[in-house]
Structure formats: C-alpha cells, structure tokens
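Please open the structure in a viewer and keep the selection tool at hand. The tour below proceeds one selection at a time.

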Amino acid sequence: MRLESAGRRLKDYVLSADDGALMRHVFHALLSAAIVLAVIDWREISAANAELPGFDPAQPETMPVLPPALTEGGPQAAPSEITTSIELLKQPIHFELKPGGVLLAQGAIESGAAARFEKEIAARGEYVKTVSLDSPGGAVGDALAMSKLIRERKIGTRVAGGALCASSCPIIMAGGVTREAENGAVIGVHQVFNGSKEKLSPERAMSEAQRTTADVTRHLGEMGIKPGLWLHAMETPPDRLYYLTPEEIRKFALATAPEKVAARNTK
C-alpha cells in the first residue's frame with residue numbers, strides 16, 4: 001500500500017508540475033547518474049593504472065626489462081632483423097664520430113641525453129653532417145630537444161640497415177633537413193606514457209599524455225611529417241610497436257625523397 005501511495009503522489013506531482021520544474025528534475029537525475037558513472041570509471045582507471053609501469057622500460061635503470069621496442073607481438077613483427085645487440089641498445093645513448101661527418105647516436109634516450117648531445121654537437125663543430133640513429137627510444141622531451149637542435153644546425157638524419165629507431169627515436173629523425181631510411185632499417189612508433197618513476201594519478205597522467213602529444217604533433221608538423229605517422233603511434237599500446245613499412249616511411253615523409261635530397265645538396 002505504501003508503494004502504491006508513493007506512486008500516486010509522484011504521478012500527481014508530475015501531472016501538476018510545470019515544464020521548467022520537470023526539466024530541472026530530469027537534469028539533476030541525469031547529472032547524478034553521470035557522477036555515479038564517472039566515479040565507477042575513475043575507480044576502473046585507477047585499478048588499471050596500478051598494473052601499468054610507472055616508468056619507461058626503455059630507461060637503462062630498469063634493466064633487465066626489455067625495451068618495448070624489442071618486444072614481439074602485435075600489431076606486427078619487425079620487418080627486418082635488428083643487428084645491434086639488445087644489451088648495447090639498452091645502454092644510455094652514446095655518440096661516436098664516424099668517417100664522412102656521420103655521428104652515430106646509439107642506445108636508449110635517457111633523461112639528460114639532449115644536454116649531452118648538445119655538448120657533442122658543440123664540440124664537433126662543422127664536422128657533423130648526418131646523425132645515424134640506432135635507438136629503442138626513451139625520454140620524449142629529450143628526443144624533441146635533440147630533433148630541434150638537429151634542424152637548427154641543418155644536419156641530416158639516417159637509420160642504417162639493421163639499425164633500430166623506435167618509440168621516441170623517430171621524433172629525432174624528423175629533425176633532419178634530409179632523412180634517410182636504408183634498406184633493412186627498423187622504424188616503429190607507439191603511444192607516449194609516463195616516463196618517470198613517479199606514480200601519477202589518472203587525471204595527471206592523462207593531462208601529461210595530452211600535453212606531450214600536442215608538443216610532438218606540433219613539432220612533427222613543423223618538420224614536414226604527415227599526420228598519419230603520429231596517428232599510428234597513438235593507436236598502438238606502449239608495450240607494442242607499429243613498424244613502418246618502406247612505403248609508409250615515404251608516404252609520411254619520414255624519409256625525404258631522393259630528388260629533394262639532391263636538390264638540397266646542390267644549394
């Protein structure tokens with residue numbers, strides 16, 4: 001009987017209430033439902049984040065964890081064999097001047113790598129014409145800084161056959177005034193994620209990822225890279241790689257066309 005009485009009272013109120021009051025009540029009900037769903041989603045995200053790494057496995061301090069650039073599985077296997085040893089790739093990036101003005105940059109991009117790279121370029125003066133990359137990636141901020149310095153100094157970039165350029169490494173490659181991917185070069189991209197040992201809240205982690213994505217997207221656009229490259233990165237989980245085919249490397253302008261390279265060399 002009490003339920004029937006309550007039902008009649010609710011029905012009488014609905015029939016007698018004006019449209020504005022009804023709309024307000026509907027809005028409040030929807031808002032309450034949205035808050036409940038948001039709390040549920042927040043808890044699920046927090047639980048999921050507890051299982052995610054709070055650091056970048058490509059960082060040398062995290063050994064013996066294998067860098068995500070070298071894991072197997074989706075979206076596809078590496079298109080060519082990587083000839084550099086895994087242990088060497090996991091070491092902090094080091095620089096070695098080779099004949100012909102080629103500076104080899106090999107190893108993981110740790111925090112502070114950009115400052116060391118800047119000192120190396122300053123010390124080498126005009127000798128460096130090309131930076132040859134062989135790296136599983138690492139700190140995105142340092143990769144951006146290195147890429148910008150390469151463009152500022154009008155240096156070319158290259159990924160040799162059997163070498164790896166993955167994760168944040170293609171950001172560095174994008175800075176080259178000329179960009180070359182030799183036959184057998186392995187180039188891959190994936191999502192950015194928390195690259196520090198600090199465990200971030202879901203809200204802050206999302207904010208940081210969005211800010212970093214905006215910075216990288218803007219820089220790649222300024223370097224003449226087509227949007228499709230970064231779209232593949234954002235679609236690929238951070239523990240996997242999207243390996244670019246030679247056709248995609250040309251399509252997304254990560255490698256400059258041979259005729260454009262020749263034209264620049266004649267200037």
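Which residue in S8 is the bridge partner of Gly188? Before the selection is made, note that the model is predicted. Select Gly188, then look across to S8: the partner is Tyr243.

**The open sheet**

Extend the selection to the strands on either side. S5, S7 and S8 form an open sheet of three strands, in the order S5-S7-S8, with mixed pairing. Strand S5 (164-166) and strand S8 (242-243) are the edges; each has a single partner strand, so one side of each is left without a neighbour in the sheet. Between S7 and S8 the pairing is antiparallel and rests on two bridges.

**The parallel strands**

Next, select S3 together with strand S4 (residues 156-159). These two strands run parallel and are joined by three bridges. Val131 has Thr157 in S4 as its bridge partner. To follow the chain from S3 to S4, trace it through H5; this β-α-β crossover is right-handed.

Now add strand S6 (residues 179-181). S4 and S6 also run parallel, again with three bridges between them. Here, Val159 is matched with Ala181 in S6 as its bridge partner.

**The largest nonpolar core**

In soluble globular proteins, nonpolar side chains tend to be buried together. Display side chains and select Phe117, Leu133 and Met146, which touch the most other members of the largest nonpolar core, a set of 44 residues. Several elements supply at least two residues each to this core, among them strand S2 (102-106), helix H4 (113-124), strand S3 (130-134), helix H5 (140-152) and helix H7 (202-222). H5 gives the largest share, six residues.

Which residues does Phe117 touch, leaving aside those up to four places away in sequence? Centre the view on Phe117 to find Phe95, Leu103, Val131, Met146, Leu149 and Ile150. Val131 has thus appeared twice on this tour, as a contact of Phe117 and as the bridge partner of Thr157.

Apart from this core lies another, of six residues; select Leu89, Ala166, Val186 and Leu241, which are among them.

**The cavity**

For the last stop, select Ser167, Pro170, Ile171, Val189, Leu220, Leu229 and Trp230, which line the largest cavity. Its volume is about 40 Å³, and the count of cavities of 30 Å³ or more comes to one. H6 and H8 are the elements that give two or more residues to this lining. Both helices, helix H6 (169-174) and helix H8 (227-235), also supply at least two residues each to the largest nonpolar core.

Key. Residues are numbered from 1 along each chain as its sequence is written. This is a predicted model: local features need pLDDT of at least 70, side-chain atom pairs count only at pLDDT 80 or more; totals for chains, interfaces and linings use all residues. Side-chain values use heavy atoms; hydrogens and water are left out. A nonpolar core is a set of buried Ala, Val, Leu, Ile, Met, Phe, Trp, Tyr and Cys residues joined through side-chain atoms within 4.5 Å. Buried means under 20% relative accessible area, exposed over 50%, partly exposed in between (1.4 Å probe, protein chains only). Helices (H or I, at least four residues) and strands (E, at least two) are DSSP runs, numbered from the N terminus. Contact means heavy atoms within 4.5 Å. Two strands pair if DSSP finds at least two bridges between them. A crossover is right-handed if, with the strands pointing away from the viewer, the path from the first strand over the helix to the second runs clockwise. On a 1 Å grid over the protein atoms alone, a cavity is a set of points where a 1.4 Å probe fits but cannot get out, and a pocket is an open set with protein on both sides within 12 Å along at least five of seven lines; lining residues have an atom within 4 Å of a point. Grid points are joined across faces, edges and corners, and a volume is the space filled by probe spheres set on the points.
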